[in-house]
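Work through the exercises below with the structure open. Try each task before reading its solution.

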Amino acid sequence: MWGLRRGYPHPSETLRRCRGSPSSTMAHQSFLGSPEARASCLDLWKEKNDRLVRQAKVAQDSGVSLRRHKLAQDTLEGLRELLHILHGLPAAVPVLPLELTVTCNFIILKVSLAQGFTEDQAQDIQRGLERVLETQEQLGPRPEQGIRKLWESVLRASSLLPELLCALHHLAGLQAALWLSIDHLEDLALLLQTLNGNQNGASKDLLLLLKTWNPPAEESDAPLTLQNARGLRDILLTAFAYRQGLQELISGSLPRALSSLHEAASGLCPRPLLVQVYTALGSCLRKMGNPQRALLYLIAALKGGSAWGLPLLEASRLYRQLGDTAAELESLELLVEALSATHSSEVPQLLIEVELLLPRPDPASPLYCGTQSQAKHLLASRCLQMGRAEDAAEHYLDLLALLLDGSDPRFGPPTSPPGPCMPEVFLEAAAALIQAGRAQDALTVCEELLTRTSSLLPKMLQPWEDARKGTKELPFCPLWVSAVYLLQGRAWVQLRAPKEAISEFSRCLELLFRAIPEDKEQGAASNCEQGCRSDMALQQLRAAALISRGLEWAANGQDTKALQDFLLSVQMCPGNRDASFHLLQTLRRLDRKDEAAAFCWRLQAQTQLPQKEAIWSLPLYLEIYLSWIHSPDCETFLEEFQTSLQEPHDL
């Protein structure tokens, strides 16, 4: 039982005002023994409850936020005081319908103002159940048996107390909302089975149980409620249908996801949530191969509210799947604008709403929109991948400005964690600038990244040395610095400065040879399930640096030095076709026909072996770089060279 709180009247004071009783003991006796006294006090308490509920509704309709907040807080304190008075009395069946209704109103308002459930609400619900058992002179289950056993005892007792049934269903609705919000779905299913009267052998399908649950209608003279049991049931039904649909969408159970999401859309769905549901339906239909219906839902989502980010992101995926590059990029540009605009959020109702029962947005979810910087990165990277180098360069520069001025400190890609981090964004920006022919700007970006990472490099060298002796994941800092040197070398190539280019490629290789543990080379390919692994990226970086330096040696007429680099690149990365191409070209220029033929035979034997499917990916900046050193004539040359081996006199 709650203790007395400073500033609140003692229960006997309230009874004294009702009957003028001289003492609290006599007041209790008078209350319990006199129907007139009981009716008088109940009327006063019911009137206060109803007045407070009306006050909460006035607060909800108030347009001034400060006045709304004050009215809501005053209402909450009034309900707290009334509940304190009722708890100060012995539990009695005639009073419990009012007491449980006040408890429910108090919980609803408190959850609404806090925008979520806390342990306090669980204790308030438990206290209400214990009060019901007190009327039956039951001690109830031990505390360690938990709230579920307490509900079983109370609902068994309620068969003898039909006057409490409506209030208990109301309280059960709040318990169900609490359990759904914290993902206690098994407890929720058992509670609904008991409420539906079919506990033994009943279905555990929560959606079906919620549809079957039919809370009794309130009497016309019942105390007013902020949100009745049937309203809570409708909220629970929509929230669970959406949660389940989203989980099924992520797991790939698309037909079931479609059914659950349709159920959510047909329920009590506020506009912001309806936008999410329509977007999820669009995503589901896109994955099911029905792009036209998907587009209709995305259009409906865009018309349904001012939060356009999520449907625009999904629209970009849809257009990408259809191969409509222009529409995809336009959607991403609109997404960036939508996320940069400030929208006035709707004032939450002083009720338990669907959104309060949903989990927090997960960055790994396909329905996570992200921030303006994340959208800008997606737009820039897509432009870079599709060969729109000038647009990509501008978008990357805008993104770096956005990130460096601190206006959007959070960064990570919207849908594919772990994704690129800040250093990789710099590297992608440098690659885009080189691709756009802006080598000097690329050098500036690289210098900025070096300034930010050079102080970290000495601290990172020891973990690299430790990795030589074990199987620890390789840290990425030396990879980023090596990539900077590689891109700077390419920028100098574009600026026609071979000496500086060779110097940068050599710095890159020096760091890479210090960094890569030799004993990890054999096992690198088996550990690529996690996507872009540092050891695989480093292997490709090393090959790219050797080929790039070899090309510069060859361009300056130093074929012997070029041959050494191409031989090393083939040894370091045996499956690299570009390294093989440049090696054969150099051997032929040096008139070393026998060595070229022997190498070509080995290469042909390797290609006839069963190839494992590559399940790793490389960072975008490295993919772009590798495309620069790839000769379009590579495959044709290798095929012609292998064919010429059948005629040795042609060599």
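## Exercise 1: a loop residue

Leaving aside neighbours within four places in sequence, Glu163 is in contact with Val93 and Pro97. The model is a predicted one.

Task: locate Glu163, classify its accessibility and give its C-alpha distance to Val93.

Solution.
- Step 1. Glu163 sits in the loop between helix 7 (146-157) and helix 8.
- Step 2. Relative accessibility is 44% for Glu163. Partly exposed covers the range between 20% and 50%, so Glu163 counts as partly exposed.
- Step 3. Glu163 and Val93 are 70 residues apart in sequence. Their C-alpha atoms are 8.1 Å apart in space.

## Exercise 2: helix 8 against helix 11

Task: decide whether helix 8 and helix 11 run roughly parallel or roughly antiparallel, then describe their contact.

Solution.
- Step 1. Take the geometry. Helix 8 (residues 165-181) and helix 11 (residues 229-251) pack at about 20°, and their axes are 9 Å apart.
- Step 2. Apply the cut-off: angles under 35 degrees count as roughly parallel. Helix 8 is therefore roughly parallel to helix 11.
- Step 3. Add the handedness. Helix 8 and helix 11 cross in a left-handed sense.
- Step 4. List the residues. Helix 8 contributes His169, His170, Gly173, Leu174, Ala176, Ala177 and Leu180. Helix 11 contributes Ala229, Leu232, Leu236, Ala239, Phe240 and Arg243.
- Step 5. Sort by class. The contact of helix 8 with helix 11 has nine nonpolar, three polar and one charged residues.

## Exercise 3: helix 16 against helix 17

Task: repeat the analysis for helix 16 and helix 17.

Solution.
- Step 1. Helix 16 (residues 325-340) and helix 17 (residues 372-385) pack at an angle of about 160°. Their axes are 8 Å apart.
- Step 2. Angles over 145 degrees count as roughly antiparallel, so helix 16 is roughly antiparallel to helix 17.
- Step 3. The crossing of helix 16 and helix 17 is left-handed.
- Step 4. From helix 16, the contact residues include Leu329, Leu332 and Leu335. From helix 17, they include Ala375, Leu378 and Leu379.
- Step 5. By class, the contact of helix 16 with helix 17 holds nine nonpolar, two polar and four charged residues.

## Exercise 4: Leu620 and its helix

Task: place Leu620, name its contacts, and characterise the packing of helix 19 and helix 28.

Solution.
- Step 1. Leu620 belongs to helix 28 (residues 620-628).
- Step 2. The relative accessible area of Leu620 is 11%. Buried means under 20%, so Leu620 is buried.
- Step 3. Not counting residues up to four places away in sequence, Leu620 touches Ser381, Leu384, Gln385, Tyr396 and Glu428.
- Step 4. Follow one of these contacts. Leu620 and Glu428 are 192 residues apart along the chain, with their C-alpha atoms separated by 6.7 Å.
- Step 5. Go to the helix pair. The axes of helix 19 (residues 422-435) and helix 28 come within 8 Å and cross at roughly 30°. Helix 19 and helix 28 are therefore roughly parallel to each other.
- Step 6. Their contact is made by Glu424, Leu427, Glu428, Ala431, Ile434 and Gln435 of helix 19 and Leu620, Tyr621, Ile624 and Trp628 of helix 28.
- Step 7. The residues of the contact of helix 19 with helix 28 divide into seven nonpolar, one polar and two charged.

## Exercise 5: positive phi

Task: compare the setting of Asp183 with that of Arg496.

Solution.
- Step 1. Asp183 has phi near 70°, a positive value in a residue other than glycine. Arg496 has phi near 60°, also positive.
- Step 2. Asp183 lies in the loop between helix 8 and helix 9 (185-196). Arg496 lies in the loop between helix 22 (477-494) and helix 23 (498-515).
- Step 3. Asp183 is partly exposed, at 44% relative accessible area. Arg496 is exposed, at 77%.

## Exercise 6: the whole chain

Task: how many helices and strands does the protein have, and what share of its residues is buried?

Solution.
- Step 1. The protein has 29 helices and zero strands.
- Step 2. Of its 651 residues, 51% count as buried.

How values were computed. Residues numbered from 1 in each chain as written. Predicted model: local features only at pLDDT ≥ 70, side-chain atom pairs only at ≥ 80, totals over all residues. Heavy atoms only, no water. Axes fitted to C-alpha atoms, helices over the stretch in contact; angles between N-to-C directions. Helix = DSSP H or I, 4+ residues; strand = E, 2+ residues; numbered from the N terminus. Parallel < 35°, antiparallel > 145°, perpendicular 65-115°, else oblique. Left-handed = near helix turned anticlockwise from the far one by under 90°. Contact = heavy atoms within 4.5 Å. Nonpolar A, V, L, I, M, F, W, Y, C, P; charged D, E, K, R; others polar. Buried < 20%, exposed > 50% of the residue type's maximum accessible area, 1.4 Å probe, protein only.
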